[in-house]
Amino acid sequence: MTSLWEASAVRPQGYAKALEGDRSADVLVIGGGIAGVLCAYLLAEAGCRCVLVEGGQVGAGVTANTTAKVTAQHGLVYDRLIKRRGADAARLYFEANQAAVAGLRQLADAVPCDFEEKTAYVYATGSTAGIERELAAYEQLGIPHHVLPSAPVPVANRGALGMERQAQFNPLKLLFGLMPSVDVYEHAFVRDVSGNTARTDRGSVTAGHIVFASHYPLV
């Protein structure tokens, strides 16, 4: 089955190469999903010589089938964080996630990827007690929000808590738009990592640092 993202994003040609022989780099990124490509792109922007190797095709795994959601709202997390770690830690968690949303918003200005600002919602299908506790946490932390008597989703529910200024985007359009800025090698599955060298059937890459951005289990 073709995902929505695969059906609407055009893969760039000529930017993914075959790894033949040995290479060296400042940083090696293993995994060509959105996490790996974003990591390699940001490292290259910071001046690192970065190589990315992907066992199959860039973006063909989780990224091709993921959601479009970009948000600091992760279920009823803020009430739990306040109770377990305190309000300061909960606020830092929110701010870090919002910084990521803002970073994607800025990146989308340069790489068209259907970025749209949206409100994220968490809703109750049964008891509303959890939503009410989370609302109190939002108010304590100063998180922009609003409350609806019913969430705008095709599921019967008893109320929703909205976190404002979140977003959605097309992850493959972003990934493909970043590919020209990344030194990418496809069909280079890493068989072994020893020290600072990663070995594939087509050659090896030795780097000062190695970032694993692939499926579990790792090597």
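**Close-up views of a predicted model**

The buried residues of helix α3 have a cover that includes α4, α5 (129-141) and β7. This is a predicted model, and the views below start with that helix and then move to its aromatic rings, the pockets and two single-residue spots.

**View 1. Helix α3 and the residues it tucks away.** α3 runs over residues 77-85, and its buried residues are Val-77, Tyr-78, Asp-79, Leu-81 and Ile-82. Look for α4, α5 and β7 among the elements that cover them. Just after the helix, check the backbone at Gly-86, where phi is positive at about 100°.

**View 2. Tyr-78 meets Phe-94, an edge-to-face pair.** The structure holds 3 aromatic pairs. In the one shown here, the rings of Tyr-78 and Phe-94 sit 6.1 Å apart, centre to centre, with 75° between the planes. Tyr-78 belongs to helix α3 and Phe-94 to helix α4, so this pair links distant parts of the chain, 16 residues apart. Both Tyr-78 and Phe-94 are buried.

**View 3. Tyr-78 again, now with Tyr-138.** The ring centres of Tyr-78 and Tyr-138 are 5.8 Å apart and the planes meet at 80°, so this pair is edge-to-face. Here the link runs from helix α3, home of Tyr-78, to helix α5, home of Tyr-138, with the two positions 60 residues apart. Why does Tyr-78 count as buried? Its relative accessible area is 0%, and the cut-off for buried is under 20%. Tyr-138 counts as buried too, because its relative accessibility is 0%. Zoom out a little and the rings fall into one aromatic cluster made of Tyr-78, Tyr-93, Phe-94 and Tyr-138.

**View 4. The largest pocket, about 890 Å³ in volume.** Its lining takes in 40 residues, and the ones closest to the centre are Gly-33, Ile-34, Ala-35, Gly-36 and Ala-213. Which elements supply at least two residues each? They are α2 (34-45), β4, α4 (87-110) and α6 (171-178). The largest share comes from α2, with 6 residues. Sorted by class, the lining has 24 nonpolar, 14 polar and 2 charged residues.

**View 5. The second largest pocket, with about 270 Å³ of space.** There are 13 lining residues here, and Lys-69, Lys-118, Thr-119, Ala-120 and Gln-168 lie nearest the centre. β5 (116-123) and β7 (160-168) are the elements that give two or more residues to this lining. β5 gives the most, with 5 residues. By class, the lining splits into 7 nonpolar, 4 polar and 2 charged residues.

**View 6. Thr-63, a buried residue in a loop.** Find Thr-63 in the loop between β3 (50-53) and β4 (69-70). Is this threonine buried or exposed? Thr-63 is buried, because its relative accessible area is 6% and the cut-off is under 20%. Setting aside neighbours within four places in sequence, the contacts of Thr-63 are Trp-5, Gly-33, Ile-34, Pro-171, Leu-172 and Leu-175. Two of these names, Gly-33 and Ile-34, should ring a bell from View 4, where they are among the residues closest to the centre of the largest pocket.

**View 7. A lysine over a tyrosine ring.** To finish, here is Lys-17, which lies over the face of Tyr-185 at 4.9 Å from the ring centre.

Technical notes. Residues are numbered from 1 along each chain as its sequence is written. This is a predicted model: local features need pLDDT of at least 70, side-chain atom pairs count only at pLDDT 80 or more; totals for chains, interfaces and linings use all residues. Side-chain values use heavy atoms; hydrogens and water are left out. Helices (H or I, at least four residues) and strands (E, at least two) are DSSP runs, numbered from the N terminus. Buried means under 20% relative accessible area, exposed over 50%, partly exposed in between (1.4 Å probe, protein chains only). Contact means heavy atoms within 4.5 Å. On a 1 Å grid over the protein atoms alone, a cavity is a set of points where a 1.4 Å probe fits but cannot get out, and a pocket is an open set with protein on both sides within 12 Å along at least five of seven lines; lining residues have an atom within 4 Å of a point. Grid points are joined across faces, edges and corners, and a volume is the space filled by probe spheres set on the points. Ala, Val, Leu, Ile, Met, Phe, Trp, Tyr, Cys and Pro count as nonpolar, Asp, Glu, Lys and Arg as charged, and the others, Gly among them, as polar. Rings of Phe, Tyr and Trp (its six-membered ring) pair if their centres lie within 6.5 Å; planes under 30 degrees apart count as stacked, over 60 as edge-to-face and the rest as tilted. A charge sits over a ring if NZ of Lys or CZ of Arg is within 6 Å of the ring centre and within 35 degrees of the ring normal.
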